[in-house]
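Biologist: Before we discuss any single feature, I should like to see what we are reading. Please show the sequence and the structure.

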Amino acid sequence: MDLCIFCGMQWFKISRRRSRTTLIILLIAMLLLSLTGCSIASAAANSVINPNRQSAPHVAHLLPPVWTPTPESLPTKIILNSIQDLLITPTPTPAIPLYLYQKNLIIGYSVEGRPLEVFQFGSGPRDLLIVAGIHGGYEWNTIALADELISYLDEHPEMIHPRLSIHILRSLNPDGATLIDSPWGRGNANQVDLNRNWDSSWTSDIPKPNCWDLVPLTAGPQPGSEPETQALMQYILDTNMDALISYHSAGLGIFAGGKPSTQESLSLAEAIASVSNYPYPHIDIGCEYTGTLTDWAADNGVAAIDIELSSHWDTDFEQNLIILQSFLDWRP
Ligand SMILES: [Zn+2]
């Protein structure tokens with residue numbers, strides 16, 4: 001009995017303890033249910049107010065507030081062509097905006113790896129060539145003139161007859177062009193005078209009496225030894241050029257190519273002389289010119305002349321625009 005009474009009291013105690021535990025569990029369950037219910041209700045409410053809200057944070061984390069394209073993020077087609085090399089080319093003159101060119105190509109590289117850039121206008125079968133910067137350094141203004149002519153032709157395509165193509169090599173000696181105003185810039189990075197390196201009356205002994213001798217440049221170990229010479233030689237032969245003008249500075253006038261000058265070169269020199277103020281025949285300083293571009297070109301059937309600008313600082317643009325028109329109109 002005692003045991004029963006005891007058992008009854010124990011049951012009562014256990015029962016009260018169970019009730020309290022059950023109550024606590026019920027309270028916790030209700031609390032959890034109410035919290036879950038709130039968040040479900042809140043999510044449901046939000047989804048009604050803004051159905052896209054859940055994806056928005058992802059976009060915001062992926063993109064910066066203002067997205068700026070980088071070269072790496074642009075489509076490859078936009079940046080990949082020969083202009084790509086132009087972007088890394090050190091030049092003594094301001095670069096021309098890329099959209100101006102009708103067609104440009106790289107025909108080779110200098111000793112130090114700079115590109116030799118040709119800009120072509122027109123696609124006719126008769127090919128004319130202008131070469132600037134065969135001497136760099138203090139003759140930088142020939143490259144500046146080439147850039148001006150390229151810009152002008154781009155804006156005035158009507159100048160080019162359908163049967164013509166004109167090619168402008170803006171800097172044959174880009175290594176020398178980095179040494180603006182320096183006599184060393186006349187030569188390439190091997191200290192070779194590129195206008196003494198051609199296979200026409202070539203001699204190794206330069207400078208000669210009465211010739212330019214401010215610094216001791218060479219004619220190269222043999223004719224056509226330099227990569228710049230080789231690249232232009234190949235381009236002239238491959239393109240089958242009809243005529244060329246090679247620009248220098250300063251002051252000596254117009255030289256007709258060939259030893260003796262060829263009829264085609266004389267004809268071109270006279271046509272250009274008739275519309276310009278540059279001295280013709282050229283001023284004779286008693287220098288014997290050897291291994292020159294224009295002599296080699298004339299030997300290979302190209303009408304070729306040198307034109308010396310009037311100074312080392314002016315491009316003589318107006319006068320050379322008239323010369324350009326005369327060059328485009330010229331026939332042998
Ligand atoms: Zn020169």
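**Reading strand β7 and its surroundings**

Modeller: This is a predicted model. Let us begin with strand β7, residues 303-309, which is mostly covered: seven of its seven residues are buried.

Biologist: How should the side chains of such a strand be read, and which residues of β7 point one way and which the other way?

Modeller: In a regular strand, side chains alternate between the two faces of the sheet. In β7, A303, I305, I307 and L309 point one way, while A304, D306 and E308 point the other way; all are buried.

Biologist: In what sense do β5 and β7 pair, and over how many bridges?

Modeller: Strand β5, residues 243-249, pairs with β7 in the parallel sense over seven bridges. Within that pairing, I305 of β7 is the bridge partner of I245. Strand β6, residues 254-256, runs antiparallel to β7 and is joined to it by three bridges. Here A256 stands opposite I305.

Biologist: In what order do the strands of the sheet lie?

Modeller: The order is β1-β2-β4-β3-β5-β7-β6, an open sheet of seven strands with mixed pairing. Because β1 and β6 stand at the edges with a single partner strand each, one side of each has no neighbour in the sheet. On average, and with direction ignored, neighbouring strands are turned by 20° against each other.

Biologist: How do β1 and β2 pair?

Modeller: They are antiparallel, with six bridges between β1 and β2. I106 has E117 in β2 as its bridge partner, and N104 stands opposite F119 in β2. Five residues lie between the two strands of this hairpin, where G113 takes a positive phi near 90°.

Biologist: Let us turn to a helix. What should one look for in α7, and which of its residues are buried?

Modeller: An α-helix has 3.6 residues a turn, so residues three or four places apart point the same way. In α7, the buried residues are E228, T229, A231, L232, M233 and I236. Their cover includes β1 (103-109), β2 (115-121), β3 (126-131), β4 (164-169) and α9 (293-299). Helix α7 lies across β1, β2, β3 and β4, and runs at about 130° to β1.

Biologist: What span does α7 reach from its first C-alpha to its last, and what follows the helix?

Modeller: Helix α7, residues 227-239, has 13 residues and reaches 18 Å from its first C-alpha to its last, close to the 18 Å expected at 1.5 Å a residue. The residue that follows α7 is N240, with a positive phi near 60°.

Biologist: How many residues does the largest nonpolar core have, and which helix gives the most to it?

Modeller: In soluble globular proteins, nonpolar side chains tend to be buried together. The largest nonpolar core here has 63 residues, and those with the most contacts inside it are V131, I168, L169, L244, I272, V302 and I305. Helix α5, residues 140-155, gives the most to this core, with eight residues. For V131, leaving aside neighbours within four places in sequence, the contacts are L169, L172, L244, S246, Y247 and L293.

Biologist: Where is L179 found, and is L179 buried or partly exposed?

Modeller: L179 is found in the loop between α6 (174-177) and α7. L179 is partly exposed because 19 other C-beta atoms lie within 10 Å, whereas a buried residue needs 20 or more. Not counting residues up to four places away in sequence, L179 touches G136, G137, W184 and G185. The C-alpha atoms of L179 and G136 are separated by 7.2 Å, although these residues are 43 apart along the chain.

Biologist: Where in the chain is the pLDDT below 50?

Modeller: Where pLDDT is low, the predicted coordinates should not be read in detail. The protein averages a pLDDT of 78, and 69% of the residues score at least 70. Over residues 1-16 the pLDDT is below 50, and this stretch has zero contacts in the model beyond near neighbours in sequence. The pLDDT is also below 50 over residues 31-101, a stretch that has 35 contacts beyond near neighbours in sequence.

Biologist: What describes the protein as a whole?

Modeller: The protein has ten helices and seven strands. Of its 332 residues, 37% are buried. Among contacts between residues at least 6 apart in sequence, 79% join residues at least 24 apart.

How values were computed
Residues are numbered from 1 along each chain as its sequence is written. This is a predicted model: local features need pLDDT of at least 70, side-chain atom pairs count only at pLDDT 80 or more; totals for chains, interfaces and linings use all residues. pLDDT is the predictor's confidence in each residue, from 0 to 100. Two residues are in contact if their C-beta atoms, placed from the backbone, lie within 7 Å. A nonpolar core is a set of buried Ala, Val, Leu, Ile, Met, Phe, Trp, Tyr and Cys residues joined through C-beta atoms within 7 Å. A residue is buried if 20 or more other C-beta atoms lie within 10 Å of its own, exposed if 12 or fewer, and partly exposed in between; C-beta atoms are placed from the backbone. Helices (H or I, at least four residues) and strands (E, at least two) are DSSP runs, numbered from the N terminus. Two strands pair if DSSP finds at least two bridges between them. The expected span of a helix is 1.5 Å times one less than its number of residues. Axes are lines fitted to C-alpha atoms, for helices over the stretch in contact, and angles run from 0 to 180 degrees between N-to-C directions.
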